[in-house]
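Please open the model in a viewer and keep the selection panel at hand. The tour proceeds from aromatic contacts to one strand and its neighbours.

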Amino acid sequence: MALKAVNVSDVPNLDQVPENNASLYSSRFNSEEMELNVEAASFRAAKFLVIGHRGHGMNIMQSSDSRMEAIKENTILSFNSAAKFPIDFIEFDVQVTKDDCPVIFHDDFIFSQENGTVYEKRVTDLRLEEFLSFGPQKEAGKQGKCLLRKSKDGKILNWNVETDDPFCTLAEAFQKVDSSLGFNIELKFDDNVVYHQDHLTHVLQVILQVVSEYAKDRPIIFSSFHPDAAQLVRKLHNTYPVMTYAYTIFRHHRQTYILVDLVLKVCFVSGNEQVFFLTNGGTQVYYDSRRNSLEEAIQVCLEGGLQGIVSEIKGVFRNPGAVPKIKEAKLSLLTYGKLNNVPEAVCMQHLMGTDGVIVDFVQEISHAVNDMIIKPLNESLKDGNEEGAEAKSKVQFSQQELSFLLKLIPELIQH
């Protein structure tokens, strides 16, 4: 499948990435697989992470882009489909049912229909058995309840995808998903609900218990938009320690030939689970001021002993001066958002010093990162040229690509 890039002028309001545009860069690289003699390579490079959003990518009902309706998000099938490509983590959303089972689901409410009447139920008010009764079922011949979804504009739509799969629990994900993939577990809480600390503590302990039991040596990142939950899960890690691990990459079957000899230098320090604070980076305004800027996010991390920030990419591009502040604070920076489906925007982030991206178009972006960042570095490593490897790890762009990138910033500022 050909990689596809877009022009900023074709991304109205930065909310849609068109599919049918000519690539700005694909002709610059050949498709030969590059093997690396790892023993001869002494250069050490930090890994630029590619993380699959809700697995293989989020679902958008009635999207003009068929990729948004390909595989049911946040399912075992979606996670293992993402694992076929050279990515490092999958990101997914965890909530806890009424009977204390961590399940994977993004929205606060499940919508269904009975006798022509649409109804909604809060996920955290359901028991596990009822939660699993919606949508396709694991048992052959068993019919699940109708599954609908509410769109951003308030429409209730059938949740139809090309390839469906049942809902799953967090424990199932640990047991059934490719063990080489790290988990970015978003701790999901409703923005419209005030949570007391006792409740947050209970929910987080339930999740940490499952992680403690099943994680083994799988890398884990916790993240949350809820600043108190993010800080609290960090405090609780001594109660339910997850792991201490080193992260060395040499994935021959995924054509990733780069050795990273660090304790996940990109995101991790020695210790247990890593906790990141999720933020819109100032692109939206919330009652809780801690959520309204990257500078506030830095303070949340420093006060709570967190390891990093996950920001909406528009917030980073609109405030690039925050990136060196984040690095000076010894924090890592990951990003999410529609622009992470644009290869040139991803590579610009690499130049800016971000540590990784959460993406929907897993195949296209993972291959683009491989072509535009990893392969040039590996070519120099293979030749034993450490200085060249370091130079090639700093992406070089054609004039056409530079024009795209220079145009990107003012377009972002205008929206």
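In this predicted model, a search of the whole structure finds 9 aromatic pairs. Select F105 and F131 to begin: their rings form an edge-to-face pair, 5.9 Å centre to centre with 85° between the planes. F105 belongs to the loop between β3 (102–104) and β4 (109–114), whereas F131 belongs to helix α2 (residues 128–131), so the contact ties together parts that are 26 residues apart in sequence. Both F105 and F131 are buried.

Keep F105 displayed and add W159. The ring centres of F105 and W159 are 6.0 Å apart and the planes stand at 55°, so this pair is tilted. W159 lies in the loop between β7 (156–158) and β8 (168–169), so its pairing with F105 ties together parts 54 residues apart in sequence. Relative accessibility is 4% for F105, which therefore counts as buried; W159, at 5%, is buried as well. Next, show R149, whose charged end sits over the ring of W159, 4.1 Å from its centre.

Now select F79, F92, F174 and F183, which form one aromatic cluster. F183 leads to strand β9 (residues 182–187), where 6 of the 6 residues are buried, so the strand is largely enclosed by the rest of the structure. G182, N184 and E186 point one way from β9, and F183, I185 and L187 point the other way.

Which strands pair with β9? Strand β2 (residues 89–96) pairs with β9 in the parallel sense over 6 bridges, with V94 opposite L187. Strand β10 (residues 220–224) also pairs with β9 in the parallel sense, over 4 bridges, and F222 is the bridge partner of I185. Finally, add helix α4 (residues 197–214): β9, α4 and β10 make a right-handed β-α-β unit.

Key. Residues are numbered from 1 along each chain as its sequence is written. This is a predicted model: local features need pLDDT of at least 70, side-chain atom pairs count only at pLDDT 80 or more; totals for chains, interfaces and linings use all residues. Side-chain values use heavy atoms; hydrogens and water are left out. Buried means under 20% relative accessible area, exposed over 50%, partly exposed in between (1.4 Å probe, protein chains only). Helices (H or I, at least four residues) and strands (E, at least two) are DSSP runs, numbered from the N terminus. Two strands pair if DSSP finds at least two bridges between them. A crossover is right-handed if, with the strands pointing away from the viewer, the path from the first strand over the helix to the second runs clockwise. Rings of Phe, Tyr and Trp (its six-membered ring) pair if their centres lie within 6.5 Å; planes under 30 degrees apart count as stacked, over 60 as edge-to-face and the rest as tilted. A charge sits over a ring if NZ of Lys or CZ of Arg is within 6 Å of the ring centre and within 35 degrees of the ring normal.
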